[in-house]
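Trainee: I am new to this structure, and I would like to understand the words people use for it. Could we look at it together?

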Amino acid sequence: TVCTLRKPCRLCCKQLPHVLSLSDFMGWRYGPIAKTIVFLIAMFNMCIALLAEYTTIGSIFSDFVGSVSYGIIIVVGVLTLAYTAYGGLAVSIATDMVQGVASVILAVVLTIFVAVTYRQQPIPSPLPDDLGPNFYGYIAIFTLTVSLISSTMFSEAVWQRVWASANPRSLYGGAAIGFVSISCVVFLSGFGGWLAFVWGYASFADETNPNTYLMQLLSRSPANVAARVDSWVGVLVVLLAIIMNEGAVD
């Protein structure tokens, strides 16, 4: 992988035209046994990630939209499969760009909406007990760290970005932009959940769906009542979730 980082796209494709994935590279460099092991780990990794994405979007639609969960799962699955199978890596890269820009724009609109809507609502002191150190927080620190590091080590997405880069400058520049954008979107989503706990729209005692913490905040629904799409901002959140879900799936 270090070798590929020094020889992005054009040079990589020229010198290693037969290497089309991380497992191909491992097979070329270390032999068929290493290739098979990396392939199986990468497939396991992608299957877990895919199931997580489908489960999340299905949960959002069943609890927030009020529809069946499998409908949107089928739509996202068929749609991403269709354009990825038709256009391959080129279409996947193009759609990732569109999905990324759309996600950032929608996130900015949601941020402005929350800032304007809740600008006069004070933060209580002391904060609710759910926001203090607790079992769920410690588990999240461990599981997120281990799972993200492990999945990134065997992620085909890393290879895809190196393989598709025109030169080192575009590779590093794109990585920096992606890092900043993803960090902002993830922070805003997490901060929305934090505000939901602060103002009583979500709680562990009432078993609020973790996938809808942000929706609870936007709908101002009590923690024991599931939020529902009842405004234009709710529709916007659903669109944001679908776009980000498609980007992760393809």
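Mentor: Here is a friendly walk through the helices, the cores and a few single residues.

Mentor: This is a predicted model, in which local features need pLDDT of at least 70, side-chain atom pairs count only at pLDDT 80 or more, and totals for chains, interfaces and linings use all residues. Residues are numbered from 1 along each chain as its sequence is written, and side-chain values use heavy atoms, with hydrogens and water left out.

Trainee: How many helices and strands does the chain have?

Mentor: The chain has ten helices and zero strands. Helices (H or I, at least four residues) and strands (E, at least two) are DSSP runs, numbered from the N terminus. Along its principal axes, the C-alpha trace spans about 60 × 35 × 35 Å.

Trainee: What makes the span of helix α4 agree with the expected one?

Mentor: The expected span of a helix is 1.5 Å times one less than its number of residues. Helix α4 (residues 32-65) has 34 residues and should span 50 Å; its end C-alpha atoms are 48 Å apart, so the two agree. Helix α8 (residues 168-198) passes the same kind of check: its 31 residues should span 45 Å, and its end C-alpha atoms are 44 Å apart, which agrees.

Trainee: What comes after each of these two helices?

Mentor: α4 is followed by G66, whose phi is positive, near 90 degrees. α8 is followed by G200, whose phi is also positive, near 80 degrees.

Trainee: How do you know whether α5 is straight or kinked?

Mentor: A straight helix of 49 residues would span 72 Å at 1.5 Å a residue, but α5 spans only 30 Å between its end C-alpha atoms. There is a kink of about 125 degrees in α5, centred on G88. The bend at a residue is the angle between axes fitted to the seven residues ending there and the seven starting there.

Trainee: Why is E246 called buried or exposed?

Mentor: Buried means under 20% relative accessible area, exposed means over 50%, and partly exposed is in between (1.4 Å probe, protein chains only). E246 has a relative accessible area of 13%, so E246 is buried. This residue is found in helix α10. Not counting residues up to four places away in sequence, E246 touches V76, L79, T80, Y83 and Q99; contact means heavy atoms within 4.5 Å.

Trainee: And why are F191 and W194 given the label they have?

Mentor: F191 is at 36% relative accessibility, so F191 counts as partly exposed. W194 is at 29% relative accessibility and therefore counts as partly exposed. F191 lies in helix α8, and W194 has its place in helix α8 too. Leaving aside its neighbours within four places in sequence, W194 is in contact with I123, L127 and L131. F191 and Y213 are 22 residues apart in sequence and 9.9 Å apart in space, C-alpha to C-alpha.

Trainee: Which residues of α4 and α8 are buried?

Mentor: In α4 the buried residues include A34, V38, A42, I60, F61 and F64. What covers the buried residues of α4 includes α3 (22-30), α5 (69-117), α6 (135-153), α9 (213-219) and α10 (232-249). In α8, L171, V185 and G192 are among the buried residues. Of the 250 residues of the chain, 32% count as buried.

Trainee: What makes a set of residues a nonpolar core?

Mentor: A nonpolar core is a set of buried Ala, Val, Leu, Ile, Met, Phe, Trp, Tyr and Cys residues joined through side-chain atoms within 4.5 Å. The largest one has 33 residues, and those with the most contacts inside it are L110, V114, W199, M215, L217 and L218. α4, α5, α8, α9 and α10 each supply at least two residues of this core, and α10 gives the most, with eight residues. M215 touches I60, F64, A227 and V237, not counting residues up to four places away in sequence. A second, separate core of five residues includes F25, M26, V38 and W159.

Trainee: How do α5 and α8 pack?

Mentor: α5 and α8 pack at an angle of about 35 degrees, with their axes 10 Å apart. Axes are lines fitted to C-alpha atoms, for helices over the stretch in contact, and angles run from 0 to 180 degrees between N-to-C directions. V104, A107, T111 and V114 of α5 make the contact with S181, V185, L188 and L195 of α8.
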